[in-house]
Amino acid sequence: MPAFRTSSEAETIAFGERLALDLPSKRVVLLIGNLGAGKTTLAKGIVKGRGAAQPEDVSSPTFTLIHEYGSGVYHIDLYRLDEAREVETLGLDELFERDALVLIEWGERFPQFLPAERTEVRIRALGDDEREIEVREIA
Ligand code: ADP
Ligand code: MG
């Protein structure tokens with residue numbers, strides 16, 4: 001899929017909504033990008049597209065680590081974890097087995113815990129409001 005550009009938070013949410021329709025019901029999706037790139041914003045759109053929650057009810061799971069939305073959508077943020085043994089306690093393997101969409105911010109920091117089959121979404125700031133989004137299916 002070619003890189004896509006958005007010029008506002010709303011456009012990124014709309015992109016996430018469309019992306020949600022292309023994703024299978026069971027899939028691990030890494031949201032990759034710097035702080036403030038728009039990973040959580042994209043998650044809002046994907047969750048909305050799944051009909052699991054409204055964007056305003058989706059917040060960053062930075063402190064809670066895992067948020068569960070209805071209709072089989074999980075949103076995880078590993079930013080605050082430093083060590084593999086901390087990640088182990090989350091039981092990601094069990095989550096990955098569920099018939100669910102699992103969105104993960106900062107998951108690429110712990111590649112040993114990731115399934116071989118996953119979708120990687122990269123988001124990069126080009127300016128204050130411009131973002132470039134790339135979607136890649138792995139396996
Ligand atoms: P991350 O989760 O990657 O740290 P957030 O989604 O929490 O990033 O924050 C992105 C910030 O960038 C928000 O304040 C949002 O309003 C702003 N922003 C500006 N333009 C865009 C855009 N095109 N797409 C997404 N976010 C944008
Ligand atoms: Mg975030």
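Visitor: Let's start with R124: is that residue buried, exposed or partly exposed?

Guide: This is a predicted model, so read each value as computed from it. A residue counts as buried under 20% relative accessible area and as exposed over 50%, with partly exposed in between. R124 has 47% relative accessibility, so it is partly exposed.

Visitor: And which side chain does R124 meet in a salt bridge?

Guide: The idea is to look for a Lys or Arg side-chain nitrogen within 4 Å of an Asp or Glu carboxyl oxygen. Here R124 pairs with E132, at 3.1 Å from N to O. E132 has 14% relative accessibility, so that partner counts as buried.

Visitor: How many salt bridges turn up if I search the whole structure?

Guide: The search gives 10. One of them joins E137 to R27, with the closest N and O atoms 2.9 Å apart. That pair ties together distant parts of the chain, since E137 sits in strand β7 and R27 in strand β2, 110 residues apart. R27 is buried because its relative accessibility is 11%, while E137, at 47%, counts as partly exposed.

Visitor: Which residues are linked in a network of salt bridges?

Guide: Try R118, E120, R122 and R136. Within that group, E120 and R122 have their closest N and O atoms 3.1 Å apart. E120 is at 6% relative accessibility, so it is buried; R122 is at 33%, so it is partly exposed.

Visitor: Now the charges outside salt bridges. Which residues form the negative surface patch?

Guide: A patch takes residues with over 30% relative accessible area and no salt bridge. In this model E11, D128, D129 and E130 make up the negative one. E130 clears that cut-off because its relative accessible area is 33%, which leaves it partly exposed. You'll find E130 in the loop between β6 (118-125) and β7 (131-138).

Visitor: On to strands. Which way do the side chains of β4 point?

Guide: In a regular strand the side chains alternate between the two faces of the sheet. Along β4, V73, H75 and D77 point one way, Y74 and I76 point the other way, and all are buried. Put as a count, 5 of the 5 residues in β4 (residues 73-77) are buried, so the strand is mostly covered.

Visitor: What about β5: which residues are on each side?

Guide: On one side of β5 are L101, L103 and E105, on the other V102 and I104, and all are buried. The strand is mostly covered, with 5 of its 5 residues buried.

Visitor: Which strands pair with β5 in the parallel sense?

Guide: Take β4 to begin with: β4 and β5 (residues 101-105) run parallel, with 5 bridges between them. V73 has L101 as its bridge partner in β5. Strand β2 (residues 27-32) also pairs with β5 in the parallel sense, again over 5 bridges. There, V29 is partnered by L103.

Visitor: And do β3 and β4 run parallel or antiparallel?

Guide: Antiparallel, with 4 bridges joining strand β3 (residues 66-69) to β4. If you want a register marker, H67 stands opposite H75 in β4.

Visitor: Which residue takes a positive phi in the hairpin of β3 and β4?

Guide: That's S71, with phi near 55°; the hairpin has 3 residues between its strands.

Definitions and conventions
Residues are numbered from 1 along each chain as its sequence is written. Chains are lettered from A and ligands numbered from 1 in the order in which they are written. This is a predicted model: local features need pLDDT of at least 70, side-chain atom pairs count only at pLDDT 80 or more; totals for chains, interfaces and linings use all residues. Side-chain values use heavy atoms; hydrogens and water are left out. Patches are made of residues with over 30% relative accessible area and no salt bridge: like charges are joined within 9 Å, nonpolar side chains (Val, Leu, Ile, Met, Phe, Trp, Tyr) within 5 Å. Accessible areas come from the Shrake-Rupley method with a 1.4 Å probe; for residues, only the protein chains shown count as cover. Lys and Arg count as positive and Asp and Glu as negative; His and the chain ends are not counted. The place of a charge is taken as NZ of Lys, CZ of Arg, CG of Asp or CD of Glu. Helices (H or I, at least four residues) and strands (E, at least two) are DSSP runs, numbered from the N terminus. Buried means under 20% relative accessible area, exposed over 50%, partly exposed in between (1.4 Å probe, protein chains only). Two strands pair if DSSP finds at least two bridges between them.
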